[in-house]
Each structure stands twice: as structure tokens, then as C-alpha cells.
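Trainee: Please give me a close look at one part of this model. Start there and work outward.

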Protein chains: 2
Amino acid sequence: MKTIADIAKLAGVAKSTVSRYLNGGSVSEKMKQRLEAIIEETGYTPNTFAQSLKAKRTNMIGTIVPHLDSYEISQTLTGIDNELRKWNCHMLVTNTNQNIEREIEILYMLAKQRVAGIILLAPQITDAHLQAFNEITVPVLLVGQQHEEVHSLVHNDEEAGYAIGKYIIEQGHRRLAFLGVGEENEAIGIKRKEGFKRAVREANGCEVHFFETGFTMEEAAEGALAVFEGYFPSALICATDDIAIGAVKAAYKKGMHVPANISVTGFGGYAITKMMNPALTTVKLHFMEAGETAARNIIKLANGEDIPKLTYSNFEIIARESVDKRFVPG
Amino acid sequence: MKTIADIAKLAGVAKSTVSRYLNGGSVSEKMKQRLEAIIEETGYTPNTFAQSLKAKRTNMIGTIVPHLDSYEISQTLTGIDNELRKWNCHMLVTNTNQNIEREIEILYMLAKQRVAGIILLAPQITDAHLQAFNEITVPVLLVGQQHEEVHSLVHNDEEAGYAIGKYIIEQGHRRLAFLGVGEENEAIGIKRKEGFKRAVREANGCEVHFFETGFTMEEAAEGALAVFEGYFPSALICATDDIAIGAVKAAYKKGMHVPANISVTGFGGYAITKMMNPALTTVKLHFMEAGETAARNIIKLANGEDIPKLTYSNFEIIARESVDKRFVPG
DNA sequence: CTGAAAGCGCTTACAG
DNA sequence: CTGAAAGCGCTTACAG
């Protein structure tokens with residue numbers, strides 16, 4: 001392994017000159033070419049630790065996720081990693097397994113490890129988070145949730161909720177059910193529901209009942225079973241694709257056909273939604289692009305550049321087979 | 001930020017003593033307690049870069065994956081990360097997007113970054129890989145594939161293929177089709193198929209046709225359509241769950257019912273297989289446990305300990321709804 | 001058991 | 001534009 005001293009000796013200059021060349025300092029044109037040739041030839045690459053020890057900063061972006069096993073997280077990570085690579089940065093992933101205390105711990109630990117920035121995919125932001133953000137000097141970017149005190153990148157959940165609500169109403173549905181999650185998750189638990197409510201408010205003569213369940217397909221299947229007790233909506237709007245998958249399963253278990261007996265929609269645009277029987281109508285969120293944008297944003301932040309406090313990521317309605325058209329009398 | 005010098009001064013000793021304390025060198029009992037108290041109180045933690053600069057090694061395990069968006073990869077990563085945490089190590093994930101050249105590049109790059117070890121989830125091992133393994137001094141552990149020259153951890157693909165073959169034959173099926181992938185992937189393309197073949201060989205009067213497709217659900221759907229042209233198996237054995245999902249989709253498209261008209265099995269035990277209609281009979285591979293074992297093994301390797309060249313991870317058949325019993329005449 | 005010193009491979013004022 | 005020197009925060013022989 002060559003060091004900067006080797007290169008300096010080979011070039012007949014001081015280490016500082018080599019260092020300056022490497023970091024874009026002022027070096028004569030002649031010297032530049034000489035050094036370029038030598039570095040090329042020797043395959044020299046600077047030792048990252050020595051750099052970090054001085055510069056007090058690494059080329060790693062810490063990424064904190066609540067779990068690793070969902071389409072949403074995978075896609076977002078893929079986007080982050082792809083973009084980071086372009087900037088010669090690495091992604092240091094840590095999984096909190098939904099444990100908030102661990103999340104806080106990791107925030108401090110990553111800061112100590114001097115990552116250049118932290119991308120946080122957290123289901124909720126608590127006071128402990130806020131305190132951590134303040135105490136560490138590393139820039140933080142929230143993805144999927146927003147908070148006024150932190151830079152955030154979110155899917156436009158309210159608008160998306162509105163759009164799917166409007167779509168389902170346009171298809172003629174008037175007896176609706178919304179199967180969501182707890183309000184501690186602002187983006188999914190509140191925003192999507194509020195957007196949907198807004199669409200309902202604008203329409204005429206809708207009956208809507210709201211239900212709550214968990215994030216797993218199994219919980220959702222049970223949650224959907226609860227929906228079907230006593231209330232018979234013509235359409236069930238689910239707050240995530242996994243919830244919709246559980247709901248479809250529950251419907252079949254009840255002997256109901258989708259969409260003949262009940263229409264179901266999801267939220268996310270997971271790959272599997274296309275392959276289901278019936279293929280699921282859903283709101284596609286662009287997770288990979290969001291990840292790329294997040295990476296770009298955190299790098300800007302790490303470089304001391306300014307970015308808007310809040311960035312929105314887009315969505316689109318994907319109409320497939322799980323929604324039936326209903327005739328609206330009158 | 002406190003440094004080792006601060007602690008030394010506070011304790012009235014030399015830095016070397018503090019360092020020795022930290023690294024388990026010989027320190028008097030009295031001094032140990034004094035230092036423990038001071039470190040506790042100041043919240044001192046050593047600077048990782050300075051450590052790495054000297055020790056020439058980090059507490060990071062590089063993990064190379066072909067993509068991020070599959071149940072298999074997610075679960076394996078979760079297992080790796082969980083276990084690594086127990087050993088105070090971090091997971092540095094890099095996604096190659098199925099690009100072999102990138103894979104090689106990253107191998108060298110991680111070595112340069114002085115990761116303590118590398119876990120490689122690669123679909124295939126080429127000569128370029130082997131050369132890289134030899135040139136870098138960092139220990140490497142292969143997961144999912146095996147090679148005699150490298151430490152490997154694999155699912156017992158041959159046995160698993162045998163088991164599902166045996167199962168399907170026990171259910172009375174005799175007209176079979178196997179929908180697999182290319183042989184460049186040894187574990188999935190060869191081993192699973194060979195195990196299956198062995199089961200068929202042991203049975204009487206089976207007719208089997210072999211087909212090949214890609215890894216995505218979409219490719220598999222097309223691949224399955226090709227199967228159904230001219231040949232009408234009573235059971236279709238798929239080399240992965242994603243392929244099985246595509247096959248089910250294709251069957252429905254053809255107006256065939258699963259399992260009434262055709263039985264289908266998968267391979268993997270993805271979460272979604274339980275929620276499909278019908279729920280998929282499959283070979284469950286224990287990805288998360290495999291990840292944990294992989295992490296434990298690479299750490300041993302990094303510490304210079306010896307481990308067996310080849311470790312097997314277990315599997316189990318999960319019988320669900322996608323396979324019908326057939327009556328075998330006499 | 002403990003300490004002084006050198007050195008890991010860089011960067012960064014400071015002179016020139 | 002270039003170089004000598006100090007220093008980043010550790011660890012590790014080597015003495016004592």
C-alpha cells in the first residue's frame with residue numbers, strides 16, 4: 001500500500017504538495033500532470049482514516065431504517081445507494097427493528113462515527129429525536145415523515161389520499177370504508193386519511209366508516225375481518241399495500257369476491273400488487289426516486305449548502321383490477 | 001469531545017495506560033476502577049479513525065448484495081445487522097445492481113476501506129471474483145453460493161429440491177414441470193433442479209419437462225405461459241417464490257385454477273406466499289438465521305479463528321393450499 | 001504494572 | 001506555487 005509519502009518521494013516534492021493536488025489546492029500545471037501520472041501508475045488512493053482523522057468527517061452517510069423487509073424501504077435504500085455512489089459516498093445502514101430507543105442511540109453513535117450526514121426513515125418523531133438532532137452536529141434528513149424543525153422529504157400523502165378518494169368516488173362508490181393505521185404515524189396514519197376525508201367531503205352522499213389496524217399483512221387481515229362485521233362497504237380504501245393484501249385475503253376468507261363484491265385499493269405501488277389476483281389498484285409512490293433525492297439532499301446539507309426545509313415526492317394512481325365501477329342512481 | 005489524553009490527565013496516568021485499559025492489557029485493579037469511573041463519567045469513547053489508522057482495521061463488515069429489493073436479501077441483511085450489532089460491528093451495505101464488474105470493484109474498494117470482513121451475496125462466482133479474493137487480505141464469506149476456495153454458507157438447495165420433489169410426488173403427481181433459472185446460478189439454477197431430479201428418479205412413472213425463465217415475477221409469468229403451451233403438467237415446481245407467483249398469475253390468465261387444474265410450489269418462504277390466494281406451498285429457507293450465522297462466521301474469520309469451509313442453513317416444506325392431492329391409480 | 005516516545009497517513013496554517 | 005513542521009487521537013514496542 002502506497003502512502004502519500006511514497007508519491008511525494010516519487011515525484012520529488014513534499015507531501016503537502018501531493019495533498020494539495022489531491023484536494024484541489026494550488027499546484028502548478030506541470031506538477032499536476034506529473035502527479036496525475038504517478039498516482040495513476042501506482043494506483044495510489046489516500047487512506048480514508050488518516051483523512052477522516054484530520055478532516056473529522058467521513059464519506060459515509062448513515063441511514064437508519066425501522067426494518068429492512070418491505071418494498072418501500074428496499075426501494076428507498078436502493079435509490080439512496082445508487083445516488084450516493086455517484087458522489088463517492090457509502091451507505092451505512094442500521095436497522096432499529098422498530099425500536100425508538102435504539103433509534104436515538106444510533107443517532108448518537110453515527111454522529112460519533114462522524115458520518116457526513118444521516119438519513120432517517122422513522123415512523124414517528126419524538127422529543128428524544130428532536131433533542132438528538134440538536135445535540136449532534138451532523139446534518140439529518142427525515143424521509144417519509146416531516147417535522148418543522150428538521151429537513152424532510154415526504155411523499156405527498158395528503159394529496160395522494162385525496163386522489164385515491166376522488167378516484168374511488170368517481171367510480172361510483174358511495175359506501176366506503178377506510179382501513180388505516182394509528183395516528184402516531186403522521187404521514188400514514190393522519191395525512192393519508194385526511195386527504196381521503198377531503199375527497200369524501202367534496203362528494204355527495206357518501207357514507208364512510210374508519211377503521212384502524214397494524215402494518216403487517218396478518219394484522220390487516222384481522223382488521224379487515226373486523227370491518228366486514230356489520231358494515232358492508234362497496235369499496236375499502238387501505239392505507240398501505242400490505243394492508244390491502246391482508247384485506248383481500250380476508251375478503252376471500254369471507255367468501256367475498258374482489259372486486260365483484262368489494263373493491264379494494266392500496267397505497268405504495270409494491271411490485272407484488274401487479275401480480276396479485278386481482279391486480280391491485282393503488283397509489284404508486286416513487287420510493288426509489290425519493291431515495292435518490294434524499295441522498296442528493298443530505299450531501300448538499302453535508303457540504304453546508306442550503307436546501308428547502310421540505311421536499312415533496314410525487315405519486316400516481318394506478319388503476320388495475322381490484323376496483324369495480326358502480327352505477328350511481330340519479 | 002474528550003480524547004484519550006484528557007482521560008489520561010484526569011486519571012493522572014499516561015495515555016498508554018488508558019489505551020491498555022481500553023484494549024484489555026495489563027492494568028492494576030485500582031487503576032482499572034479509576035479509569036472505569038472516569039470514562040463512565042466523561043462519556044469518553046475512542047475515536048474510531050485514530051484506532052483504525054493504527055490498527056489498520058475497522059469494525060465494519062462490508063456486505064455486497066446484487067439488489068436490495070427481495071425478501072431473501074432483506075431478511076438476510078436483517079439477520080446480519082442484528083448479529084453484527086451484538087459484536088459492536090456495523091454493516092456497510094453496497095448494492096451492485098446485478099453488475100458483476102461493480103461487484104469486483106467493490107470488493108477492492110471495501111478492502112481498501114479496511115473493512116474487517118466481507119459478506120458477499122453473489123448470484124455467481126467468476127474467475128475475477130476468485131482473483132479479487134486472493135488479492136485482498138480481508139476475509140470473505142460467500143452466502144447463498146458455494147465455492148471450494150472460499151468460506152461459504154449455503155441453503156441446502158439440493159436437499160431442499162429433493163424434499164419438494166418428494167413431497168409433490170407423495171401427493172400423487174406424476175406429470176410434472178420444473179420452472180427454473182439459468183445454470184450460471186449454481187445454487188438456484190443447478191442444485192435445486194438436481195435435487196428435484198433425484199426425487200423424480202426415485203419415483204415411478206413420472207414425466208417431467210424442464211423449463212427456464214428469469215428471476216422476476218414478470219419474466220416468470222411469461223415463462224409459465226410457455227410451459228402451458230402444449231404440455232399440461234398436474235404440478236409445476238418453481239425454483240423461487242417469485243417465479244411461483246408469476247406462474248400462478250399466468251395460470252389464472254390461461255383460465256386455469258390453482259390448485260384445481262394445476263398445483264404450484266415455490267421456493268423461499270417469502271412473507272407474501274402466506275397471503276396469496278391460494279396460499280403457496282413452498283420450501284421455506286431461513287434467511288434471517290442464515291444472515292445471523294453469516295455475521296457470526298465472518299467475525300470469527302476476521303478474528304483469525306477457524307470455521308468450516310462450508311456451512312449449511314436449514315429449510316422446511318410448508319404445505320399450504322396451492323397443491324392438490326391426486327389419486328394415483330394402482 | 002506503568003510511562004515516554006515514535007509513528008499510523010494524512011491536512012493545514014505558516015513561511016518563503 | 002512549494003515545503004517544513006505540527007498535529008489529528010490513537011497504539012505499540014521498548015524500557016523501567
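Mentor: Strand S2 (residues 90-95) of chain A runs antiparallel to S2(B), and the two pair over 3 bridges. Two strands count as paired when DSSP finds at least two bridges between them. Strands (E, at least two residues) and helices (H or I, at least four) are DSSP runs, numbered from the N terminus. Look at Val93(A): its bridge partner in S2(B) is Met91(B).

This is a predicted model, where local features need pLDDT of at least 70 and side-chain atom pairs count only at pLDDT 80 or more, while totals for chains, interfaces and linings use all residues. Residues are numbered from 1 along each chain as its sequence is written, chains are lettered from A and ligands numbered from 1 in the order in which they are written, and side-chain values use heavy atoms, with hydrogens and water left out.

Just before S2 of chain A there is a backbone detail. Asn88(A) sits in the loop between helix H5 (71-86) and S2 of chain A. Its phi is positive, about 60 degrees, although Asn88(A) is not a glycine.

Now widen the view to the whole interface. In all, 49 residues of chain B touch 49 residues of chain A, where contact means heavy atoms within 4.5 Å. The buried area between the chains is about 4,500 Å², and carbon and sulfur atoms give 58% of it. Three residues stand out: Phe49(B), Lys249(B) and Met275(B) supply 17% of the area that chain B buries against chain A, more than any other three. Buried area here is the accessible area (1.4 Å probe) that two parts lose on being put together, summed over both.

Next, the polar side of the interface. There are 2 salt bridges between chain B and chain A. A salt bridge needs a side-chain nitrogen of Lys or Arg within 4 Å of a carboxyl oxygen of Asp or Glu. Side chains of opposite charge can pair when their charged atoms come close. Glu218(A) and Lys274(B) make one such bridge, with their closest N and O atoms 3.4 Å apart. Also, 20 residue pairs across the interface are in polar contact, both residues at pLDDT 80 or more. The elements of chain B that each give at least two residues to this side include H4 (48-55), H5 (71-86), S2 (90-95) and H6 (100-112). H5(B) gives the largest share, 7 residues. By class, the side of chain B that touches chain A has 22 nonpolar, 17 polar and 10 charged residues. Ala, Val, Leu, Ile, Met, Phe, Trp, Tyr, Cys and Pro count as nonpolar, Asp, Glu, Lys and Arg as charged, and the others, Gly among them, as polar.

A polar contact is a pair of N or O atoms within 3.5 Å; within protein, one must be able to donate a hydrogen and the other to accept it, and residues adjacent in sequence count only if both atoms are side-chain atoms.

Now the DNA. A residue is near a strand if one of its heavy atoms lies within 4 Å of it. Of the 26 residues around DNA strand C, Ile4(A), Ser19(A), Thr17(B), Arg20(B) and Ser26(B) come nearest. Sugar and phosphate make up 61% of the atoms of strand C that come within 4 Å of the protein. A polar backbone atom of Ile4(A) lies 2.4 Å from a phosphate oxygen of strand C. For Asn47(A), a polar backbone atom is 3.0 Å from a phosphate oxygen of that strand. H4(A) gives the most to the surface near DNA strand C, with 4 residues.

On DNA strand D, the nearest of 26 residues are Thr17(A), Arg20(A), Ser26(A), Ile4(B) and Ser19(B). Thr17(A) places a polar side-chain atom 2.8 Å from a phosphate oxygen of strand D. Arg20(A) reaches a base instead: an N or O atom of its side chain is 2.7 Å from a base nitrogen. Lys54(A) also has a polar side-chain atom 3.2 Å from a base nitrogen of strand D. H4(B) gives the most to the surface near strand D, with 4 residues.

One last pair lies within chain A. Arg102(A) and Glu105(A) form a salt bridge, their closest N and O atoms 3.8 Å apart. The two are separated by about one helical turn, because they stand 3 residues apart in helix H6 (residues 100-112) of chain A.
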